[in-house]
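I opened a fresh notebook page to work through one structure, taking salt bridges, aromatic pairs, cores and a few single residues in turn.

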Amino acid sequence: KLGKYGMANSFKELKNFWKNKRVFITGHTGFKGTWLVIFLNMMKAKIYGYSLKAPKFSLFNQTKSSKLVKENYYLNINDLNSLKKKLHKSKPQIVFHLAAQPLVSNSYEDPLNTFMPNIIGTANLLEAIKEIKSIKVVVIITTDKVYKIKKKNKYFLEHDELGGKDPYSASKVCAEILVNSYIKTFFDQLSHRIRISTARSGNVLGGGDYSKNRIIPDILKSINHKKKLIIRNPKHIRPWQHVIEPVFGYLLLAQNLFLNKLLKRSHSWNFGPNYNSFISVYELLAKIKKLKNIKNISIKKNNYIETKVLKLNSEKAKKYLRWSQKWNMDKTIKKILEWNDSYNSKKNMRKICEKQIKEYLDK
């Protein structure tokens with residue numbers, strides 16, 4: 001039994017839908033991909049992963065998540081033939097596309113290796129799924145950074161104009177345009193068997209993120225190793241949220257699409273936090289400093305052009321998916337620090353992730 005609009009209202013109802021669903025995830029070895037794998041495994045889904053191998057020091061390896069995946073395909077999303085073969089072999093019903101180069105700073109240092117997976121990789125997936133008869137739903141993860149910045153304090157809606165200056169943002173805008181083109185050209189939502197949506201989430205925080213030049217990994221390194229914390233853009237405002245929040249949103253979106261609940265809705269969806277979670281880097285750091293002793297801090301001049309203020313309007317997801325942020329910033333920070341303390345105590349980190357997901361669903 002499912003709630004209004006097909007939304008699962010409990011762990012049991014989620015499991016009723018996802019149990020034995022064949023799910024194909026690109027980028028399953030990444031930070032967000034690993035949380036999605038753990039979440040789906042808790043729901044007893046049959047998971048197939050297509051991604052580059054995870055670095056030795058990664059959440060994927062920490063949680064031994066390769067054991068949760070029925071087939072791990074360690075291949076490049078830019079290889080169309082391999083992608084087609086593995087999709088044919090897996091026969092998935094639902095596809096989550098997360099494979100990407102996800103960092104703004106890396107996009108400046110190596111723009112081509114940002115454009116290739118983020119644009120060509122997305123085009124490859126869209127081309128490949130045309131041949132796979134088992135697929136019913138595809139959710140393509142882009143970013144909140146796809147919007148053209150005009151007004152500093154605007155809360156962006158899904159139909160607002162797209163535009164990106166830095167290579168990362170531009171690559172994700174291109175992915176959005178590609179998806180729209182394929183939907184209108186090949187996947188008419190009202191008649192075609194495959195239903196496709198893009199998901200644009202805010203800045204995700206959580207345990208197991210080891211990316212370079214990201215605020216939470218840098219703060220935790222400073223805490224764990226008693227090193228100087230170097231921050232950039234202390235006044236920049238972002239839509240911060242725990243990684244479980246958008247991952248849960250992706251699951252609800254896929255589920256509603258599968259149940260034919262959203263055919264008359266536009267295909268793009270924002271998953272951002274409540275308005276009181278739109279805070280600056282400095283405010284985020286101040287909240288953590290109340291709980292952890294961080295004294296040695298310096299500000300580094302940023303050589304990259306980044307949006308100063310970024311806010312999302314997620315009323316569409318609230319209305320039609322009944323999704324909204326459950327953990328405010330204080331709760332999010334508490335859960336990240338709990339995760340970090342567990343890591344330092346050498347606990348089973350997969351069980352910690354599962355525990356936090358259960359706590360989230362129970363709220």
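**Entry 1: salt bridges**

I began in helix α11, where Glu315 and Lys318 both lie, 3 residues apart, about one turn of the helix. I kept in mind throughout that this is a predicted model. The side chains of these two residues, Glu315 and Lys318, meet in a salt bridge with an N to O distance of 3.5 Å. I looked up their accessibility as well: Glu315 is partly exposed at 40% relative accessibility, and Lys318 is partly exposed with a relative accessible area of 28%.

I then turned to Lys335, which forms a salt bridge with Glu359, the closest N and O atoms being 2.4 Å apart. Lys335 lies in helix α12 and Glu359 in helix α13, so I noted that this pair ties together parts that are 24 residues apart in sequence. On burial, Lys335 has a relative accessible area of 5% and is buried, whereas Glu359, with 25%, is partly exposed.

Glu359 has another partner to record, since the side chains of Glu359 and Lys355 meet in a salt bridge of 2.7 Å, N to O. Both Glu359 and Lys355 lie in helix α13, 4 residues apart, about one turn of the helix, and Lys355 counts as partly exposed at 46% relative accessibility. Through shared partners, salt bridges join Lys335, Glu338, Lys355 and Glu359 into one network. For the whole model I noted a count of 14 salt bridges.

**Entry 2: aromatic pairs**

Next I went through the rings, for which the count comes to 17 aromatic pairs. Tyr155 and Phe278 form one that is edge-to-face, with 5.4 Å centre to centre and 80° between the planes. Because Tyr155 lies in strand β6 (residues 155-156) and Phe278 in strand β12 (residues 278-280), the pair ties together parts that are 123 residues apart in sequence. I found Tyr155 to be partly exposed at 27% relative accessibility, while Phe278 is buried at 8%.

The rings of Phe271 and Trp323 have their centres 5.1 Å apart and their planes at 90°, so I entered this pair as edge-to-face too. Phe271 lies in strand β11 (residues 268-271) and Trp323 in the loop between α11 (315-320) and α12 (329-344), so the pair ties together parts that are 52 residues apart in sequence. Phe271 is buried with a relative accessible area of 0%, and Trp323 is buried at 1%. I also listed one aromatic cluster, formed by Phe17, Trp18, Phe96 and Phe258.

**Entry 3: nonpolar cores and a patch**

Which residues have the most contacts inside the largest nonpolar core? I found Trp18, Phe39, Leu40 and Phe96, in a core of 52 residues. Helix α9 (residues 244-258) gives the most to this core, with 9 residues. Leaving aside neighbours within four places in sequence, I listed Leu40 as in contact with Trp18, Val23, Ile25, Ala45, Ile47, Phe96 and Leu251. A second, separate core has 26 residues, including Leu83, Ile135, Val138 and Val179.

On the surface I noted a nonpolar patch of about 250 Å², made by Leu112, Met116 and Ile120. Ile120 lies in helix α6 (residues 112-129) and is partly exposed, with a relative accessible area of 35%.

**Entry 4: single residues**

Is His242 buried or exposed? I found His242, in strand β10 (residues 237-242), to be buried, with a relative accessible area of 0%. Beyond its neighbours within four places in sequence, His242 has contacts that include Trp35, Leu205, Trp327, Lys335 and Gln356.

Leu257 is in helix α9 and is likewise buried, with a relative accessible area of 3%. Setting aside neighbours within four places in sequence, I recorded Val137, Val139, Arg195, Ser197 and Leu262 as contacts of Leu257. I also noted that Leu257 and Ile223 are 34 residues apart in sequence and 42 Å apart in space, C-alpha to C-alpha.

Last, I checked backbone angles, bearing in mind that most residues other than glycine have a negative phi. Phi of Lys64 is near 50°, a positive value, and Lys64 is found in the loop between α3 (59-62) and β3 (71-74). Phi of Lys346 is near 60°, also positive; Lys346 is found in the loop between α12 and α13 (349-362) and counts as exposed at 77% relative accessibility.

Methods. Residues numbered from 1 in each chain as written. Predicted model: local features only at pLDDT ≥ 70, side-chain atom pairs only at ≥ 80, totals over all residues. Heavy atoms only, no water. Patch = residues over 30% accessible without salt bridge, like charges linked within 9 Å, V, L, I, M, F, W, Y side chains within 5 Å. Areas by Shrake-Rupley, 256 points an atom, 1.4 Å probe, with all protein chains shown as cover. Salt bridge = Lys/Arg side-chain N within 4 Å of Asp/Glu carboxyl O. Helix = DSSP H or I, 4+ residues; strand = E, 2+ residues; numbered from the N terminus. Buried < 20%, exposed > 50% of the residue type's maximum accessible area, 1.4 Å probe, protein only. Core = buried A, V, L, I, M, F, W, Y, C linked by side-chain atoms within 4.5 Å. Contact = heavy atoms within 4.5 Å. Phe/Tyr/Trp six-rings, centres within 6.5 Å; stacked < 30°, edge-to-face > 60°.
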